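The following paragraphs lead through a structure that should be kept in view while reading. They begin with the pairing of strands, then turn to the core, the individual chains and the contact between them.

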Amino acid sequence: MSEPQLNRADVMRKLMTARGDALIIAGLGSPVWDIASSDHKPENFYLWGGMGCAVSMGLGCAMAQRGRNVWVVTGDGEALMGVGSFATVAAQRPSNLAVIVLDNEHYGETGMQLTATSHGTDIAGMAKSAGIPNTMVTTDDAGVDKLAAALRSGPLPLVAVVKVAATKPNLVLPPRDGVYLKNRFRQAVLGATDAMHTG
Amino acid sequence: MADAWTVEAHRLFKKHGIKTVGYVPDAGLTDLINACDADNDIKAVVMTTEEEGIGLSSGAWLGGEKAAVLMQSSGVGNTINAIASIVTSCQFPLFMIVTMRGQYGESNPWQIPMGQATAPVLRSLGVRVYEVETVEDAVGAIENGLKMAFVSNAAVAVLIGQKLIGAKSFIADVAEEVSHV
């Protein structure tokens, strides 16, 4: 198996051209820095913890916000930890949810230990077997263009694995205060009044 | 006839605007799951592990909706880091109904340790735990728990005791015949 060549920063820059008004849940680890670096805005929720929960959080958000696309951008280690969530998503078939797995085949935050994908585990294949109707694996620029097109016009739900090089990402750190991140996201999506008085 | 507390729980879900109910099944939750599944105003989401319920509920809140999470007490063990890291750190509202195993009349010894640990473990994370053993207490805890969760951004777990739902009987519930080797 050849080493993944795509640069994660280049990939995210290109995918963000397809973002539109999509909401983003960024999974713990490098995807948080990737999203903060490529398109920092209130409609991003950055997971500084809760490894394995990015996809289920994206599902909950997508089911609540049917009129907008929701992207989960996460890593291979994070996706593997919550891999059962693909079955949960498949059962609901949300037509506004895209899961983008930036797969560098390593645990980037803990010392670059190998993940199972470095030994051949195929996350897109796992998603497909779980019943996700649209899956893809991207290894080159043409594939990234194809993914951007899929993010613009569907069909969703989609699980896309982008094989990226195991390089150090740009370390752009978003705020760490979870209450702030939650409230700014809700305010951007719901408006200030509804964000504070939904109860 | 459906268990009385489940009829009230479903009514209160609707009264408080619960739109999504994530669950990993338990025998004691059957009537409530069925009621949610049959209700067009509620999306019932079967999950592969209880941890997903924490993500699902928090994600729904980000999108402006209220969710509830249903599970058996053993499943609470699967939610711990998600509650600590996501719910506690971000003060997400969380409303869980947990049907208890490992308590009164339990016949499976493997259920007892997590059943005994359920309330203290949840409390250690700052979850408000209401342990109920009567229909009246269950209804009060669900009503007030829903208010606290979504108005006060609290994490609330209502533990439905085995005195209320009954201890599972293998012979009656699982098989036509049971033999031992």
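In this predicted model, strand S3 (residues 66–72) of chain B and S4(B) run parallel and are joined by 4 bridges. Within this pairing, B:Val69 has B:Met96 of S4(B) as its bridge partner. S4(B) also runs parallel to strand S6 (residues 155–160) of chain B, to which 6 bridges join it. Here B:Leu94 is matched with B:Ala155 in S6(B).

How many of the residues of strand S4 (residues 94–99) of chain B are buried? The count is 6 of 6, so defined by at least 20 other C-beta atoms lying within 10 Å of a residue's own. The burial extends to both faces of S4(B). On one side lie B:Leu94, B:Met96 and B:Val98, and on the other B:Phe95, B:Ile97 and B:Thr99, all of them buried.

One residue of this strand, B:Val98, reappears in the largest nonpolar core, where it is among the residues with the most contacts inside that core. The core has 112 residues, and the others in that group are A:Ile25, A:Ile100, A:Val162, B:Val158 and B:Ile160. Helix H3 (residues 54–64) of chain A gives the largest share of the core, 8 residues. In soluble globular proteins, nonpolar side chains tend to be buried together. The surroundings of A:Ile25 can be listed in detail: leaving aside residues up to four places away in sequence, A:Ile25 touches A:Phe45, A:Leu47, A:Ala54, A:Met57, A:Gly58, A:Cys61, A:Val70, A:Val72 and, from the other chain, B:Gly59.

Parallel pairing is found in chain A as well. Strand S7 (residues 134–138) of chain A and strand S8 (residues 158–163) of chain A pair in the parallel sense over 5 bridges. In this pair, A:Met136 stands opposite A:Ala160 of S8(A). Between the two strands the chain passes through helix H7 (residues 141–153) of chain A, and the resulting β-α-β crossover from S7(A) to S8(A) is right-handed.

The chains may next be considered as wholes. Chain A contains 9 helices and 8 strands. Its radius of gyration is 16 Å, close to the 16 Å that the globule rule gives for 199 residues, so chain A is as compact as a globular protein of that length. Taken along the principal axes, the C-alpha atoms of chain A fill a box of roughly 55 × 35 × 30 Å. Buried residues make up 49% of chain A. Of the contacts in chain A between residues at least 6 apart in sequence, 75% join residues at least 24 apart.

Chain B has 9 helices and 6 strands. With a radius of gyration of 16 Å, close to the 16 Å that the globule rule gives for 181 residues, chain B is likewise as compact as a globular protein of its length. Its C-alpha trace spans about 50 × 35 × 30 Å along the principal axes, and 49% of its residues are buried. Residues 24 or more positions apart account for 74% of the contacts in chain B with a separation of 6 or more.

Finally, where do the two chains meet? In the interface, 31 residues of chain B are in contact with 32 residues of chain A. On the chain B side, strand S2 (43–46), helix H3 (51–62), helix H5 (80–90) and helix H7 (135–151) each supply at least two residues. H3(B) gives the most, with 10 residues. By type, the side of chain B that touches chain A divides into 14 nonpolar, 13 polar and 4 charged residues.

Definitions and conventions: Residues are numbered from 1 along each chain as its sequence is written. Chains are lettered from A and ligands numbered from 1 in the order in which they are written. This is a predicted model: local features need pLDDT of at least 70, side-chain atom pairs count only at pLDDT 80 or more; totals for chains, interfaces and linings use all residues. The radius of gyration is taken over C-alpha atoms; the globule rule is 2.2 Å times the number of residues to the power 0.38. A residue is buried if 20 or more other C-beta atoms lie within 10 Å of its own, exposed if 12 or fewer, and partly exposed in between; C-beta atoms are placed from the backbone. Two residues are in contact if their C-beta atoms, placed from the backbone, lie within 7 Å. Ala, Val, Leu, Ile, Met, Phe, Trp, Tyr, Cys and Pro count as nonpolar, Asp, Glu, Lys and Arg as charged, and the others, Gly among them, as polar. Two strands pair if DSSP finds at least two bridges between them. A crossover is right-handed if, with the strands pointing away from the viewer, the path from the first strand over the helix to the second runs clockwise. A nonpolar core is a set of buried Ala, Val, Leu, Ile, Met, Phe, Trp, Tyr and Cys residues joined through C-beta atoms within 7 Å.
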